[in-house]
Amino acid sequence: MTEWSNESLDPADWDEVRLQAHLMLDDMLDYLEHTRDRPVWQAPPEAVRMQFREPLPQTGTELDEVHRTFMTAIAPYAVGNTHPGFFGWVHGGGSVVGMLAEMLAGGLNANLGGRNQIPVEVEREVVRWVCGLFEFPESASGILVTGTSMATYLAVVVARTRALGVDVRCNGLGEAGSRLVAYTSEAAHASIAQALDLAGIGIEALRKIAVDGRYRLQAGALEAAIIEDRRAGLHPFLIVGTAGSVDIGAIDDLDAIAEIAARYRLWFHIDGAFGALAKMSETLAPLLKGIERADSIAFDFHKWAQVPYDAGCLVVRNGDLHYKTFAAPVAYLKRETQGLAAGSPWPCDFGPDLSRGFRALKIWFTLKVYGTRKLAEVMENTCHLANYLASAIDGHPELELLAPVGLNIVCFRFCTDGDGNALNSRIATALQESGVAAPSTTVLQGNVAIRVAIVNHRTRTDDLDALLCATLQFGREFSGQTTLRES
């Protein structure tokens, strides 16, 4: 029985807790080592859900009992993105290194809002590394956040400051703000519209520009829209390019967008949620030509770089403007040249969060232990696997590719003379519930596609073979039924 100190929450018997801690660590190492032996995903039974309907505990439970609940009722029913057969969304697989770093960060319990401490220097080093990767100047800035959605929101706020001046922080948007207009591709992520909403500019201020046959923003249509809005007395202020679109992994012509942004003095932001870090690969980096000309870039380490959730990042070319957009010189955050209050500027000066976890440590560990070459190999391999899958689909008469494969995402369908959309939606659900593979669906030109995002470093060709085999099995079984719409 674990006893706790009368004076604190520390254990009365450290050796007993140390033994339990080692058991917990071993369980998670076993979980990752044998992830392939489990179903990708399984639906939580109602009895398990009901275990999480208890009232707020008034008295404690033994640590080993709570650990058992985790292993039996939580771990088996996670989304499954550590599994090599998880293809549903662009989720990284994590790593043992990242997990161990999270343990260290949890023990240290550092608040990365600021102060004179080395954990802040770790975050600064990570930011310097990625600013260098994207060829940003030394005066650039950056901040680690939950993910690209939050990073994009912060970028929109910085772009708003550039358009309306720093006084917008005190005076609000006013009449000038009501004329702001932003542009992105019709294939862009929904977080861009959400960012305009949260920034007070409004979703209606976002112009969604048509894409070409490779799902890239059409530069000519973009420029025409800017000219039309300016003639109407509006104030274009922002263009968001995409490096790795949510549906198929398309990369906009970033160089062409950069030219237009420079011509009309618009802020050029890039949503590089997973694609931006392809800059680590000598093979893939040429696809990102023009990314170095961006004013800001948002991306996630928890996708292609395999860092455990959450680990997003924003980098901004104009570090001074970034600072002026968020810094809040209040008395309780007074800076000094010595002591614990030294080391300004702090991370809290570049975003809204004062309380911030040490997410930089798992990123730093991942980059230090694996290096960019190894991470680049992982990225390149997922692209090779995507091409392998696309070739297999092309070679099968019952299957059809629905989009070109540019990076690591494959969209296809099972062919039928009946209701193809209902059939392929049903196949995707059946795949998930089978535990064999977990793709998602999307809609491309009116067709429901089975979407396979290959992100996990553990995925092999046999995982893709299993996906195709199960797809054909379900497709043949379901296409003979007449009640597809009931599913």
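A residue is called buried under 20% relative accessible area, exposed over 50%, and partly exposed in between. The model used in these exercises is predicted.

**Exercise 1.** Which class of exposure does Arg115 fall into, and where does Arg115 lie?

Solution.
- The relative accessible area of Arg115 is 33%.
- This value falls between the 20% and 50% cut-offs, so Arg115 is partly exposed.
- Arg115 sits in the loop between helix H4 (96–108) and helix H5 (118–133).
- Phi of Arg115 is near 80 degrees, a positive value in a residue other than glycine.

**Exercise 2.** Classify Arg265 by exposure and state its phi.

Solution.
- Arg265 has a relative accessible area of 63%.
- Because exposed means over 50%, Arg265 is exposed.
- Its phi is positive, about 55 degrees, although Arg265 is not a glycine.
- The loop that holds Arg265 runs between helix H11 (254–264) and strand E5 (267–271).

**Exercise 3.** Is Thr459 buried or exposed, and what does its side chain reach?

Solution.
- Thr459 is in the loop between strand E11 (447–453) and helix H15 (461–479).
- Its relative accessibility is 4%, so Thr459 counts as buried.
- The side chain of Thr459 reaches the backbone oxygen of Pro84 at 2.7 Å.
- Not counting residues up to four places away in sequence, Thr459 touches Pro84, Phe87, Asn381, Leu385 and Ile454.

**Exercise 4.** Describe the peptide bonds that lead into Asp310 and Pro345.

Solution.
- From Tyr309 to Asp310 the bond is cis, with omega near -10 degrees.
- Asp310 belongs to the loop between strand E6 (296–300) and strand E7 (312–316).
- From Ser344 to Pro345 the bond is cis, with omega near 0 degrees.
- Pro345 lies in the loop between helix H12 (319–326) and helix H13 (360–394).

Terms used
Residues numbered from 1 in each chain as written. Predicted model: local features only at pLDDT ≥ 70, side-chain atom pairs only at ≥ 80, totals over all residues. Heavy atoms only, no water. Helix = DSSP H or I, 4+ residues; strand = E, 2+ residues; numbered from the N terminus. Buried < 20%, exposed > 50% of the residue type's maximum accessible area, 1.4 Å probe, protein only. Polar contact = N/O pair within 3.5 Å; in protein donor to acceptor, adjacent residues only side chain to side chain. Contact = heavy atoms within 4.5 Å.
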